[in-house]
Structure formats: C-alpha cells, structure tokens
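Notebook open, coffee poured. I want to look at overall build first, then cysteines, then odd backbone angles.

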Amino acid sequence: MKTAIVTDSTAYLTPEEAAAHHIIVVPQTIHWGENTYHDLVDISFTEFYDRLVTAPVQPTTSFPSLGEMEKVFKQLVKEGYDSVICLVISSGISSYAENLKAFGEHFDALRVVTYDSHITCAGLRYMDLLAATMVSQDNTIDEIVEALETMRARMGVRFMVDDLSHLRRTGRLSSVSATIGGLLKVKPILSMDIQDKGKIEAIAKERQAKKAYEHIKRDFAQAIEDVNYPVRVTVFDADEPKMKAEWVKDLTASFPQVHVDQSIIGPVIGVHTGKGAMAIIWAQDYHDLAQQYQK
C-alpha cells in the first residue's frame, strides 16, 4: 500500500520540512476586500501582519474547496497512491474536517482517511511529521491513526492575544468565553480542548505579558511534571520575534529535558488571533512515538 500525507497550510511546515517528509500542503485562503490570497503563497508573513494593523477592512478565511481536494486526490492516483491520510485543522474552529471526511468517503479511486487534529499550527505540524515518519517506516494506516490518537491525548496548548476582538469577529470564541478578556490592558490566556472538541477557550487573564507568560509556563510545567516520555514544545508567534526569542531562551534553560522548537502563527490563523499573539504547544516527541511503532 502506498500512502500519501496531505495537510492544510495552518500546520505552517517549512517548505523544506514538507519536501523532506513528502507531505503535500494544500493552502487555506484569505479573503481581503476584493482580493483573495493563498496562505503564505500569495501573501507573506510580514506583509500580512503589516497590513493587518492598518487595513480599514479586516480579512476572513476559507478552507480549500472540495474541487481543489479532488484535483489533489486524482493526482495522487496518477502517482500510484492507493490511500491518503488528510491531517487538517480542528473541527472546533473549522468545518473543513467534516466536509472533507464526507467527500472522501465517496472518492472511490483512493482510500481517504481524514483525521481531525483538534488543534492547528505547531500541533498539526507535530501530527504531520509523526504520520509522515510512520509512512516511511511502512506502518499501516491503523497504526498511524492509533499513534495520532496517543499524541492528541498528550498534547496541550496555551496562547495569549493582545485582545479578543479578532476571535470574536471571526466567531472562533463565544461571547461568554470572551468576557474573561473584556477589560482593557488585560492579556487573555487561551487554550483548546484538544481531547474533546478542539474549541478555543479563554481560561485566565493577566495584567501584563510577563505575568501571562509566567502563567503559561506554570501550566506547561504542571502538564509535563509526571510524564514518562520525551516532550517537545514549540513557541510560535504572530510577528513578535523579540518575545518569541525570550520565551525560547527561558524555556530552554528552565526545561533542559525538553526539545524546544520555533514556528509561526501564519496569516490564516493570524486573521483570528490578530498581531502580537504568542503561543506554545507541547506533546510527546513525534520521533519517540514513531519509534515505538518501528518494524
């Protein structure tokens, strides 16, 4: 069986990572006034955030059309693939997973397995790299899905935003949850219920970015305190390179047993978080998890 890995652009894999692991990335779309952009294809990271803070009209997003996905699947068939695992953004913040799963069940030329990550950004990246590594080891689809379930169960996320207006505007945060960050000069701290529906929740608030980071760091320390497996954590930002460097430096020093990566909150997710968001995602190291299934 020849299995392909397809993901959406919100994993923010680098082009080098995608190529090295043979992962097909299908970009999500940004609609900005009368213009349409493909995530990190037609608009760069820096260009997006520079424009976001000054544009009178705010952007919206959409996932790839089923027509686009059909083209991807037909190309895979031509290349000799008989199955594909589609790893996509959480159904708690997008209907993409549900739509793609329904479409894939009726695509007879290829076995299509759609996996709802319940996460996005670095968490989706971890799942992509885990699945791709296991494909290279000749693991079965059932084994790969089992490993993805394990990773999802052991994953956590914390992020902070400058304000909740973007998440409210785009409907990714309920008005009830949004009240936790409704005060001025407050840094809302958010999470996602990865082990349930993959929805965004506002869980705390702090008066300063430094205090918010300390809160996030405590949550992370508590989450990994008693684990018996190697942990990997990624720090990622919405155009806050100085703060990202500070977080990476501190986490590396504070948790020498943990592998610390860096990534970005790219344009499509930035539509919902706004500029200035900072986040960490952690999980069992995908190298370690894949090795458990090595034949």
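Before counting anything, I fix my burial terms: buried is under 20% relative accessible area, exposed is over 50%, and partly exposed lies in between, with a 1.4 Å probe and protein chains only. On that scale, 55% of the 295 residues in the protein are buried.

Provenance note: this is a predicted model, where local features need pLDDT of at least 70, side-chain atom pairs count only at pLDDT 80 or more, and totals for chains, interfaces and linings use all residues. Residues are numbered from 1 along each chain as its sequence is written, and side-chain values use heavy atoms, with hydrogens and water left out.

**Overall build**

I looked up the secondary structure and got twelve helices and 13 strands. These are DSSP runs numbered from the N terminus, helices being H or I with at least four residues and strands E with at least two.

Next I checked the radius of gyration, taken over C-alpha atoms, against the globule rule of 2.2 Å times the number of residues to the power 0.38. The protein has 19 Å, which agrees with the value near 19 Å for a compact globule of 295 residues. The C-alpha trace spans about 55 × 50 × 35 Å along its principal axes.

For contacts I used heavy atoms within 4.5 Å. Of those between residues at least 6 apart in sequence, 77% join residues at least 24 apart.

I also pulled the charges, counting Lys and Arg as positive and Asp and Glu as negative, without His or the chain ends. Each charge is placed at NZ of Lys, CZ of Arg, CG of Asp or CD of Glu. The mean positions of the 30 positive and 40 negative charges come out 6 Å apart.

**Cysteines**

How many disulfides does the structure hold? I found zero, taking a disulfide as a pair of cysteine sulfur atoms within 2.5 Å. Cys86 is in none, and its nearest cysteine sulfur, in Cys121, is 19 Å away. That distance is too far for a bond. Cys86 is buried at 1% relative accessible area, and Cys121 is buried at 2%.

**Positive phi**

Which residues other than glycine have positive phi? I noted His118, with phi near 60°, and Asp239, at about 65°.

His118 is in the loop between β7 (111-116) and α5 (121-136), and it is buried at 9% relative accessible area. Asp239 is in the loop between β11 (231-237) and α10 (241-254). At 18% relative accessibility, Asp239 counts as buried too.
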